[in-house]
Amino acid sequence: MAMASLARRKAYFLTRNVTNSPTDAFRFSFSLSRGFASSGSDENDVVVIGGGPGGYVAAIKAAQLGLKTTCIEKRGALGGTCLNVGCIPSKALLHSSHMYHEAQHSFAKHGIKVSSVEVDLPAMLAQKDNAVKNLTRGIEGLFKKNKVTYVKGYGKFLSPNEVSVETIDGENTVVKGKHIIVATGSDVKSLPGITIDEKKIVSSTGALSLSEIPKKLIVIGAGYIGLEMGSVWGRLGSEVTVVEFAGDIVPSMDGEIRKQFQRSLEKQKMKFMLKTKVVSVDSSGDGVKLTVEPSDGGDQTTLEADVVLVSAGRTPFTSGLDLEKIGVQTDKAGRILVNERFLTNVSGVYAIGDVIPGPMLAHKAEEDGVACVEFIAGKHGHVDYDKVPGVVYTHPEVASVGKTEEQLKADGVSYRVGKFPFMANSRAKAIDNAEGLVKILADKETDKILGVHIMAPNAGELIHEAVLAINYDASSEDIARVCHAHPTMSEALKEAAMATYDKPIHI
């Protein structure tokens, strides 16, 4: 059974498309250009430009596979946006702010009396910074352990085998390699007419380090980052208003889950202005004034805030790499075009993570990095972007993998739906944290699981059973017949699976 499964997976790896972008046909058909000759290009087997989740993981994996490896990182601290000014610090603040909120609103119900609860913002930010510092040092330790050479500086191509690096010490050096991987990640997407000063008008970076809690915070953009950062400051006392051009929050989310999620955030006093366009921003006074109007036109109104968070998405960061100098091709969105082995149209030059098509997620970049290096080493790499989980780390969290109900309808797929509310889960009721549900979508004929969507306090952890099931083409009955420990939140996934192919027990 195991050997048959392995054979199927190998065949799948060799025939699958790595992404589903419109450029797939181009990516698989373009010819590889000849690399320029470069003396000493064999000094490194692999050179990675960028030390974020994709880059540092690729570097470590390459070294583990016996390849001489150098990683170049301009920040001077490893981990990229995710670790330094993204995933990690935001989760630290989300946890700290949630603890404060619980102390204010939930402790008493559990028989815990506190005379007063106050926010010590400098201490909260210091805890966040300390977590980041320890983790970045940890990656440097992994580099040393695996004998990865670490160059701190800004790299740009001289040729397909040479990278010129301006080091943070003000020197210049040339790093040579047989294979060069671009893993420079992404940057904040700007909006026309809005200048981010990281004081009154901030990106997610500035929102992680505000010196005081704003009385009024306006978030432009109702995606993952905007809702998470809005939640942080809302829990700490800010009046939060989210302005979104589209008609829905998190448009990639399953519609039914999205509606319940929005209602949950509204109960937490987060306000939403959907189908709303930001016309102008004035930060000349003490605060910030936004002029907005309906997305499809109409009367303008003015909003006032102490701080405005611009969270309209991210864009590939390739500035200063001199990709055009060596002829690397990109699409209209600035993403580097690669084939199924992450190879660009220039021989020896690869790209992974946020700079190529696919989900802009840290864990996707990590998988890209491992797969890319495995291909370089002559092995089989594998990343299926249709099976990459996504998580919004608010409270409750929302996690998903696979197709939404809307996508299945659009594709004309016949499916069954199974749902189970956490209000009927014994563990969730026992800890008085029972908001949310599990929703499973399965093929009507085969029962193969097509999508799983969870809204729960720990949805980001619960989703991985579903990720594993989808990766191995499991059915809802497969999950339903697996014994789950009692009492646990994960029993809700089992019950939803039972509801999909038959009937649940506890509702």
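**A five-stranded sheet and an annotated glycine-rich stretch**

In this predicted model, five strands form an open sheet with antiparallel pairing, in the order E18-E19-E22-E21-E20. Strands here are DSSP runs of E with at least two residues, helices are H or I runs of at least four, both numbered from the N terminus, and two strands pair if DSSP finds at least two bridges between them. The edges belong to E18 (390-392) and E20 (415-421); each has a single partner strand, so one side of each lacks a neighbour in the sheet. On average, neighbouring strands are turned by 10° against each other, direction ignored.

E18 pairs with E19 (residues 397-402) through three bridges, in the antiparallel sense, and Gly390 has Ser400 in E19 as its bridge partner. Across E18, E19, E20, E21 (437-443) and E22 (449-456) lies helix H9 (residues 255-267), at about 10° to E22. Such angles, from 0 to 180 degrees, are between N-to-C directions of lines fitted to C-alpha atoms, for helices over the stretch in contact.

Elsewhere, an unreviewed UniProt entry lists a "binding site" that includes Gly223 and Gly226; such annotations may be inferred rather than shown by experiment. Gly223 sits in the loop between E9 (216-220) and H8 (224-235) and, at 23% relative accessibility, counts as partly exposed. Gly226 belongs to H8 and is buried at 0% (buried is under 20%, exposed over 50%, partly exposed in between; 1.4 Å probe, protein chains only). Beyond neighbours within four places in sequence, Gly226 touches Val219, Gly221, Leu309 and Ser311, contact meaning heavy atoms within 4.5 Å.

Residues are numbered from 1 along each chain as its sequence is written, and side-chain values use heavy atoms, without hydrogens and water. Local features need pLDDT of at least 70, side-chain atom pairs count only at pLDDT 80 or more, and totals for chains, interfaces and linings use all residues.
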